[in-house]
Amino acid sequence: MNQMKRKTLIILTTVVGMTLQSCNKDKQTEDSGNKNPLIEAWETPYEVPPFEEIKFEHYKPAFTQAIEEHKKEIDAIAESTQPASFENTIVALENAGESLSRVSTVFFNLRSSHTNDDMQSLAQELAPVLSEHRDNISLNKKLFERVKTVYNDHVIQATEKLRLTQEQRMLLDETYKSFVRSGANLSDEDKDKLRDINKELSVFSLKYGDNLLKETKSYELVIDNKEDLSGLPQALIETAEVAAKERKKAGKWVFTLDNASVMPFLQYAENRDLRKKIWDAYQNRGNHGNAHDNKQNALQLANLRLEKAKLLGYANHASYVLEESMAKNPENVTSLLNQLWTPALAKATTEAKDIKEMMEKEGIQGDVMPYDWRFYAEKIRKERYDLDEQEIKPYFSLENVRQGIFDVTEKLFGLTYTKLNDMPKYHEDVTVWEVKEADGTSVGILYMDMHPRASKNGGAWMTSFSKQYINDQKRMLPVISIVCNFSQPTADTPALLTFDEASTFFHEFGHALHGLLSNVHYKSLAGTSVPRDFVELPSQIMENWAADPEVIKMYAKHYKTGEVIPDALIEKMKAAGTFDQGFATTEYLAASFLDMNYHTIKEPITNDLTVFEQNAMDNIGLIDAIIPRYRSTYFSHIFAGGYSSGYYSYIWSEVLDSDAFQAFKETSLFDQEKAKSFRENILEKGGTEDPAELYRKFRGADPKIEPLLEKRGLLAN
Ligand SMILES: [Zn+2]
């Protein structure tokens with residue numbers, strides 16, 4: 001029902017050292033003396049962080065102390081006079097930095113879920129310190145020599161190979177690779193080159209992001225004639241009125257290029273000329289030939305990434321990035337994109353015909369333009385499905401949805417949930433649960449933080465306060481958290497969720513299960529520590545249960561009457577679910593192709609970026625009524641974020657989750673054998689094995705794309 005919307009997930013708190021300025025000026029709270037609860041042992045139930053005792057002034061000294069500790073540990077490993085072994089090098093590295101990891105976890109988790117100005121500025125202060133600490137470790141020659149020795153013994157010469165378990169082998173591989181991928185194997189001269197490239201990359205990338213922000217924020221569409229508002233929802237008009245006032249244009253209406261403004265404008269504004277006007281501004285961000293033009297930045301980024309990849313011995317940037325993914329290489333990504341492209345484009349072409357028909361009915365001649373699509377698609381949606389969100393929400397109270405998730409996971413995995421009332425919490429709205437096996441064994445602790453507040457970032461994500469691992473044959477319990485921003489309860493109604501929110505709840509709960517059911521020896525391989533194109537499998541598969549009519553009837557009950565949601569309403573929801581998916585899939589895939597085009601170049605790009613983009617789109621035969629979801633000058637995922645050669649991941653994971661759910665549909669949604677296999681092969685394994693191998697163990701075969709095509713309504717009839 002939703003798609004490609006980014007439900008973010010995991011806060012990565014990989015920490016490796018840094019040097020803080022000495023902190024003798026930091027205040028200590030008077031009553032706490034020298035005790036810092038972040039550093040002391042946590043004598044709380046389940047050793048969760050002692051949230052109530054932690055004060056802001058504890059963070060900085062704790063970071064300083066923890067970094068120093070970590071440095072000493074690293075030095076001890078690097079300077080050891082013992083011959084390098086798996087235990088004294090790889091495991092020792094894995095276990096080093098325990099305090100730093102604890103402090104960082106609490107700090108960075110709370111900076112997202114319960115922050116303030118002090119924490120924001122401390123985070124900025126810490127960023128360069130942490131990154132320097134990381135570099136000091138990854139470029140520590142003596143340390144790398146020892147890692148390399150162990151790697152050679154076990155992998156290259158294989159003399160010791162048989163002594164390592166699969167998981168130990170993985171830990172060794174990952175440790176060695178992370179050094180090599182940061183340039184540890186390069187000559188000193190090339191290391192300098194790499195450092196220069198990295199610096200340049202970060203500058204161009206920041207510049208790209210800044211420009212985009214300025215281009216987005218500087219534009220406004222001012223309307224002073226009330227008639228031009230025709231078609232717009234009242235709430236949007238009011239927001240535009242407020243925006244105008246703020247800009248000293250009282251009595252007028254201002255629309256901007258923020259998605260929350262431009263997208264509904266394109267969807268509802270009757271005035272075609274105005275839609276064209278704002279659309280042109282939207283799709284030309286960063287492409288005005290002015291000081292904020294992003295064409296050069298994007299070009300430099302693509303070319304520098306190529307240079308870096310070659311320096312590290314790869315054919316191109318995509319090969320460098322994808323080595324770490326489930327897809328493995330650019331060919332596999334392109335092959336999937338190609339397979340999806342044909343049916344998606346065919347569906348979009350049919351949808352374009354419907355839109356043209358609707359336009360003609362209204363007396364508009366000529367081609368369907370990109371600024372027509374959302375407007376007429378919305379009209380068709382209303383005409384065909386007549387689905388009103390307000391009618392649905394009473395069936396999806398937060399409590400009922402949560403109970404639904406509990407029931408589904410009990411039926412699948414035998415899990416039960418007990419609310420814990422006296423646990424340390426960072427905010428009173430948070431609830432804490434103990435998750436248990438059917439036989440009462442504890443699985444882990446789950447924090448849930450469901451509603452927005454001023455101190456919380458937007459979006460929904462899963463994170464952890466401590467990761468599962470095995471210590472002396474004892475399974476250490478993970479402490480997992482999910483943080484959302486769902487509709488609030490009011491004075492007389494409980495929190496009523498949209499179906500999209502309910503689905504997001506299932507999604508984040510799937511990530512939580514990945515963390516909770518993890519059963520591995522090493523923290524760095526636990527739970528969600530898997531490639532980006534695999535990590536959404538456990539989460540997205542839960543959305544399939546959320547949306548299945550059989551399951552919906554289990555949990556969607558009217559909050560007042562307890563009446564189960566009527567079949568007719570489920571039918572409407574289902575029918576509307578595949579609407580406009582040709583368009584959505586096509587614009588997404590076009591952007592994914594564009595991403596791959598930029599990052600599989602073998603020689604630097606010399607021509608104009610506009611030409612490069614046009615050629616890329618001509619190659620796949622994109623129709624004129626649709627443009628890529630992001631164009632080159634505002635594709636921040638790949639030029640200012642961490643998604644270069646990775647924009648395909650969303651749909652890669654969706655192929656997996658659709659195919660995996662199909663396994664259940666073939667027999668029963670709660671097939672015990674399949675649930676057991678999914679748990680043992682996917683949820684418990686974390687990053688201890690190759691994900692493709694794990695998937696085959698679960699499914700008995702590689703994933704097929706048909707279930708995804710069916711779900712999106714893209715199968716040819
Ligand atoms: Zn997710």
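Along the sequence, the residues that donate to the zinc ion follow the spacing H-x3-H-x24-E. In this predicted model, the protein donors are His-507 and His-511, each through NE2, plus Glu-536 through OE, and they sit 2.1 to 2.2 Å from the metal. The pairing of His-511 with Glu-536 ties together distant parts of the chain, 25 residues apart: His-511 belongs to helix α17 (residues 499-516), while Glu-536 falls in the loop between α18 (532-535) and α19 (537-547). Both count as buried because their relative accessible areas come in under the 20% cut-off, with His-511 at 0% and Glu-536 at 8%.

Turning to the hydrophobic interior, the largest nonpolar core runs to 160 residues, and Phe-255, Phe-396, Phe-505, Phe-509 and Trp-545 have the most contacts inside it. Helix α13 (residues 330-361) supplies the largest share of this core, namely twelve residues. As for Phe-505, leaving aside residues up to four places away in sequence, its contacts are Leu-398, Val-401, Arg-402, Ile-405, Met-448, Met-450, Ile-482, Phe-486 and Leu-497. There is also a second, separate core of 34 residues, with Leu-38, Phe-108, Met-119 and Val-430 among them.

Further along the chain, helices α25 (residues 649-666) and α27 (residues 691-699) pack with their axes 11 Å apart, at an angle of about 15°. That angle is under 35 degrees, so the two helices, α25 and α27, are roughly parallel to each other, and their crossing is left-handed. On the α25 side, the residues in contact are Leu-656, Asp-659, Ala-660, Gln-662, Ala-663, Phe-664 and Glu-666; these meet Tyr-695, Phe-698 and Arg-699 of α27.

Key
Residues numbered from 1 in each chain as written. Predicted model: local features only at pLDDT ≥ 70, side-chain atom pairs only at ≥ 80, totals over all residues. Heavy atoms only, no water. Donors = N, O, S within 2.8 Å, 3.2 Å for Na, K, Ca; no water. Helix = DSSP H or I, 4+ residues; strand = E, 2+ residues; numbered from the N terminus. Buried < 20%, exposed > 50% of the residue type's maximum accessible area, 1.4 Å probe, protein only. Core = buried A, V, L, I, M, F, W, Y, C linked by side-chain atoms within 4.5 Å. Contact = heavy atoms within 4.5 Å. Axes fitted to C-alpha atoms, helices over the stretch in contact; angles between N-to-C directions. Parallel < 35°, antiparallel > 145°, perpendicular 65-115°, else oblique. Left-handed = near helix turned anticlockwise from the far one by under 90°.
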